[in-house]
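Got a minute to go through a fold and its charged pairs? Have a look at this one.

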Amino acid sequence: MASIQGAKPPPLSPLPSQQSSSYRSTNQLRTPSNRKTIYDRNLNRTRTSELSRASFAYLFSEMVTYAQKQVTGIQDLERRLNEQGYPLGLRLLPLLLYREPSRNSLRPTRILPLLQFIHGQLWRHLFGRPADAIEHSSSANNEYMISDNEPLVNQYISVPKEMNQLNCAAFVAGIIEGVCDGCGMKAAVSAHNGGTEMWPGKTVFLIRFEPEVIQREGILEKGR
């Protein structure tokens with residue numbers, strides 16, 4: 001029998017985990033070898049990207065279904081939808097301001113510029129178009145209204161007859177409230193059905209600013 005002592009074993013191929021890869025493991029997290037992550041991407045790269053309506057409709061319907069669990073009524077459901085949108089508004093504000101030209105990148109400090117920002121930049125970012133109207137209440141000095149004749153969030157939601165007062169655009173009202181609070185102008189925002197013969201799905205977003213915001217607005221107006 002031939003002796004195998006001293007024979008060199010054949011070279012072994014590296015295991016899959018040992019093969020060269022463009023990713024490195026750090027603290028059990030995979031990071032690219034160039035050390036760049038999603039946080040290193042330019043925030044302007046996706047400013048014109050769009051999400052399919054089918055994907056949005058499915059995601060939002062699941063959010064409504066989740067919010068509907070263990071609620072006591074319509075107001076409770078709208079409150080939970082509002083709470084889901086609020087943190088999104090807080091985070092969208094600095095992102096949208098970052099994408100503005102340097103001369104327009106400051107946070108609004110007055111009520112009218114804030115409402116114009118919501119009506120324009122925020123609505124275009126969310127729905128690809130501006131809102132339809134901005135109004136000032138004639139009965140209350142601290143109340144303003146932003147109208148949307150065809151809110152996207154309501155187009156794919158079927159509301160039962162017994163819940164016809166429900167308006168799922170309360171989610172968007174939460175986003176508006178987050179933007180207002182992020183600008184230091186605390187407000188309570190609610191969504192109301194304002195359908196007309198021409199626009200049966202019209203929604204009015206009622207923005208009620210806190211008294212100290214109106215007081216500061218008056219001081220700034222006098223100081224002009």
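Below are some questions and answers on this predicted model.

Q: In what order do the elements of the protein run from the N terminus on?
A: The protein has five helices and six strands to place. Reading from the N terminus, the order is β-β-α-α-α-β-β-α-β-β-α.

Q: What share of the residues of the protein count as buried?
A: To count as buried, a residue needs a relative accessible area under 20%. The protein has 224 residues, and the share of them that passes is 33%.

Q: How much of the area that the protein exposes do carbon and sulfur atoms supply?
A: Start from the total, which is about 15,500 Å². The part that carbon and sulfur atoms supply is 52%.

Q: Of the contacts with a separation of 6 or more, what percentage is between residues 24 or more positions apart?
A: Take just the contacts in the protein with a separation of 6 or more. Pairs 24 or more positions apart make up 59%.

Q: Which residue forms a salt bridge with Asp-76, and which residue completes the network?
A: Side chains of opposite charge can pair when their charged atoms come close. Asp-76 meets Arg-79 in a salt bridge, at 2.5 Å from N to O. Both sit in helix α2 (residues 74-99), three residues apart, which means they are separated by about one helical turn. The salt-bridge network that links these two also takes in Glu-83.

Q: Asp-76 or Arg-79: which of them counts as buried?
A: Arg-79 has a relative accessible area of 42%, so it is partly exposed. At 14%, the residue that counts as buried is Asp-76.

Q: How many residues apart are Glu-217 and Arg-110?
A: Their side chains meet in a salt bridge, 3.0 Å from N to O. Glu-217 belongs to helix α5 (residues 211-222), while Arg-110 is in the loop between α2 and α3 (111-127), so the pair links distant parts of the chain. Glu-217 is buried at 17% relative accessible area, and Arg-110 is buried at 18%. Along the chain, their separation is 107 residues.

Q: Which strands does the salt bridge between Glu-143 and Arg-208 tie together?
A: The closest N and O atoms of Glu-143 and Arg-208 are 3.0 Å apart. Glu-143 counts as buried at 16% relative accessibility, whereas Arg-208 is partly exposed at 36%. The two are 65 residues apart in sequence, and their strands are β4 (residues 143-148) and β6 (residues 203-209).

Q: How many salt bridges does the structure hold?
A: The pairs above include Asp-76 with Arg-79 and Glu-143 with Arg-208. For the structure, the count is eight.

Key: Residues numbered from 1 in each chain as written. Predicted model: local features only at pLDDT ≥ 70, side-chain atom pairs only at ≥ 80, totals over all residues. Heavy atoms only, no water. Helix = DSSP H or I, 4+ residues; strand = E, 2+ residues; numbered from the N terminus. Buried < 20%, exposed > 50% of the residue type's maximum accessible area, 1.4 Å probe, protein only. Contact = heavy atoms within 4.5 Å. Areas by Shrake-Rupley, 256 points an atom, 1.4 Å probe, with all protein chains shown as cover. Salt bridge = Lys/Arg side-chain N within 4 Å of Asp/Glu carboxyl O.
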